[in-house]
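Student: I'd like to go through this model with you, starting with the empty space inside and then moving outward. Can we take it piece by piece?

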Amino acid sequence: MPKTNYVAFILNAHLPYVRHLEYPRFLEEDWLYEAISETYLPMIRMLNRIADDQLPVRLVISVSPTLATMLGDEPLQERFLAYLQKHIELGQKEVQRTASEQREYAEMAQEYLNRYQSDLEDFEACGRNILESFRRLEERGVVQLITTAATHAYLPLYQEFPAAINAQVDLGIKSHLENFGRMTRGFWLPECGYFPGLERYLKVKGVQWFQCSSQSMLLSPDRVDAGNLRPIRCPNGVAAFPRDYELTSLVWSNTEGYPCDPRYREFYRDIGYDLPMDYIRDYIDASGQRIFTGYKYCAITGMTNEKAPYVPSVARDLVKVHASNFLYNVQDKARRTSKLVGEKPFFTLAFDCELFGHWWYEGIDWLEQVLRQSCTDACTTEMTTPSLFLETKPNLQTARPAYSSWGVGGFSSTWLDGSNQWIYRHVFEAIKRMGELAERFPDQTSLKRRFLNQAAREVLLSMASDWPFIMYSKSDAAYAKKRFEGHLENFNVVYSNMCKNAVNTEWLVKAERKDLIFKDINYNIFRG
């Protein structure tokens, strides 16, 4: 059956830069280890199965520079091994305990143990560097890798600071070239955050396309004929691919999406909170604070503490049903809209990569089923990428996207509200002062150059969208506040010293050892 519509999955693999080797274990580092174990390694295994079967599908993965730096960091790799070994030890205990005490959980205990053992084998097999596995997937033709802003800054709030935006874009692209050996053709806009004129920064770096929110088309100052059913070209030629809100919500919605089905696994019910402290003490935080262990045995069931046991076989069958339902909805929407568009609709589906496997345990299995079912003769959907689509030289309308994001309300309130607005007057001042330093001390060498480069790192790290988002969501606001303030304090160390034409060498050496990101940064990037 001929293909009548296109679908592009664009997954954003990103975590903030968290590295605290000064502590034997640091709780927020678990964000990285959980993502590797529950999302990245299972995703790589799934995509290798797709490649082994030579299925004609492809998706896009954006790997942020902060995540890539952590994935390539040897001390963090060693700590991830310790994380896996601890979870394997817990799994072995859980297999024995559930077999004798809670047999309804025994199958899942064994499944978790098997997964952690597979993670260990696969992690060692790729030389402990997952970036190499992503590179191989791109070579095998199932993935296109792209990049994003250097520290995943929410760019619309920095449009008054062109040098800072240029630094975020430039370093993001250079990081991708260093990590994957090729230029990026696409650019993930952090949080789908777009402001008019942002495409100029991308055009000069050779970027061909970016994704954006659906509102960017609906609120355009131009009449966009196809709405969000087709990409458009900005006046400078860079293509904008609007996210399809309706189809994305089938997966993304936390009230009606597939992951909310009561037969899927509950994320928040974990033995780290349920089992006696004497049993679980060695597998939670050293302070005695209860945390997630990854061993979760309950189905979502409902809003109650009386959760039913999770049944893997039921969930596996449900995944196939939901994959079929998703493709049905895609094809149904294509039938309803193709005459309005006049050409094949192009549905852009943009997600955080960590949704699959980590937050939605069955999500990677669902994605695999969608990819496989799309290859059947009965399916009229073609899984592609924006780059492959643009190679066909489609006839795209020229229009101007509107200021927008995928945040609450479609604009910037998630990253600029009462909980976090106070940070911007400080980071704006740091950006101005960084530009001042670059103008006053151009082309420095040796220690002063390193000192100024460290100042530029601190400014970039303070711009990360993660800190205001965490403050907004109240998930770990104290840590986000500490990190933000710490980066600005570090910048001020450089600024105050350089105003006296001095270098604090001892402080510099410690700072460089702590922050290994952007090794080849040149502070002059902040010159006007």
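Student: How much space lies in the second largest cavity?

Tutor: About 30 Å³ lies in the second largest cavity, and please keep in mind throughout that this is a predicted model.

Student: Which residues line the second largest cavity?

Tutor: The lining is made of Leu-32, Ile-36, Met-70, Leu-71, Leu-76, Gln-77, Phe-80 and Phe-123. By class, seven of these are nonpolar, one is polar and no residue is charged.

Student: And which helices supply at least two residues of that lining?

Tutor: H1, helix H2 (65–71) and H3 each do so, with H3 giving the largest share, namely three residues.

Student: How many cavities of 30 Å³ or more does the structure hold?

Tutor: There are two of them, and the largest has a volume of about 60 Å³.

Student: What lines the largest cavity?

Tutor: Its lining consists of Glu-34, Glu-38, Tyr-83, His-87, Tyr-116, Phe-267, Phe-292, Thr-293, Gly-294, Lys-296 and His-358. Here the classes divide into four nonpolar, four polar and three charged residues, and at least two lining residues come from each of H1 and helix H3 (74–100).

Student: Switching to packing, which residues touch the most other members of the largest nonpolar core?

Tutor: In that core of 181 residues, they are Phe-9, Tyr-40, Leu-47, Ile-61, Ile-130, Phe-356 and Trp-366. Helix H1 (residues 30–52) gives the most to this core, contributing 12 residues.

Student: What does Tyr-40 touch?

Tutor: Leaving aside residues up to four places away in sequence, Tyr-40 is in contact with Ala-13, His-14, Leu-15, Ala-35, Leu-67, Ile-130, Phe-134, Cys-353 and Glu-354.

Student: Now H19, which of its residues are buried?

Tutor: Trp-507, Leu-508 and Ala-511 are buried in H19. They lie on the same side of H19 because they cover an arc of only 100° around the axis. On the other side of H19, Glu-506, Lys-510 and Arg-513 are exposed.

Student: What do the buried residues of H19 pack against?

Tutor: They pack against two helices, helix H16 (446–462) and helix H18 (477–499).

Student: Where is Phe-518 found, and what is its phi near?

Tutor: Phe-518 is in the segment after helix H19 (505–514), and its phi is near 55°, a positive value in a residue other than glycine. Phe-518 counts as buried because its relative accessible area is 10%, under the 20% cut-off.

Student: What about Glu-191, buried or exposed?

Tutor: Glu-191 counts as buried, at 11% relative accessibility. Its place is in the loop between strand E4 (186–188) and helix H7 (198–203), and phi of Glu-191 is near 60°, again a positive value in a residue other than glycine.

Student: Last one, where does Arg-400 sit?

Tutor: Arg-400 is in the loop between helix H14 (386–391) and helix H15 (422–440), and it is partly exposed, with a relative accessible area of 41%. Not counting residues up to four places away in sequence, Arg-400 touches Ser-216, Ser-220, Pro-221, Asp-222 and Pro-235.

Student: How far apart are Arg-400 and Lys-474 in space?

Tutor: Measuring C-alpha to C-alpha, they are 35 Å apart in space, and 74 residues apart in sequence.

Methods. Residues are numbered from 1 along each chain as its sequence is written. This is a predicted model: local features need pLDDT of at least 70, side-chain atom pairs count only at pLDDT 80 or more; totals for chains, interfaces and linings use all residues. Side-chain values use heavy atoms; hydrogens and water are left out. A nonpolar core is a set of buried Ala, Val, Leu, Ile, Met, Phe, Trp, Tyr and Cys residues joined through side-chain atoms within 4.5 Å. Buried means under 20% relative accessible area, exposed over 50%, partly exposed in between (1.4 Å probe, protein chains only). Helices (H or I, at least four residues) and strands (E, at least two) are DSSP runs, numbered from the N terminus. Contact means heavy atoms within 4.5 Å. On a 1 Å grid over the protein atoms alone, a cavity is a set of points where a 1.4 Å probe fits but cannot get out, and a pocket is an open set with protein on both sides within 12 Å along at least five of seven lines; lining residues have an atom within 4 Å of a point. Grid points are joined across faces, edges and corners, and a volume is the space filled by probe spheres set on the points. Ala, Val, Leu, Ile, Met, Phe, Trp, Tyr, Cys and Pro count as nonpolar, Asp, Glu, Lys and Arg as charged, and the others, Gly among them, as polar. The arc is that of the directions from the helix axis to the C-beta atoms.
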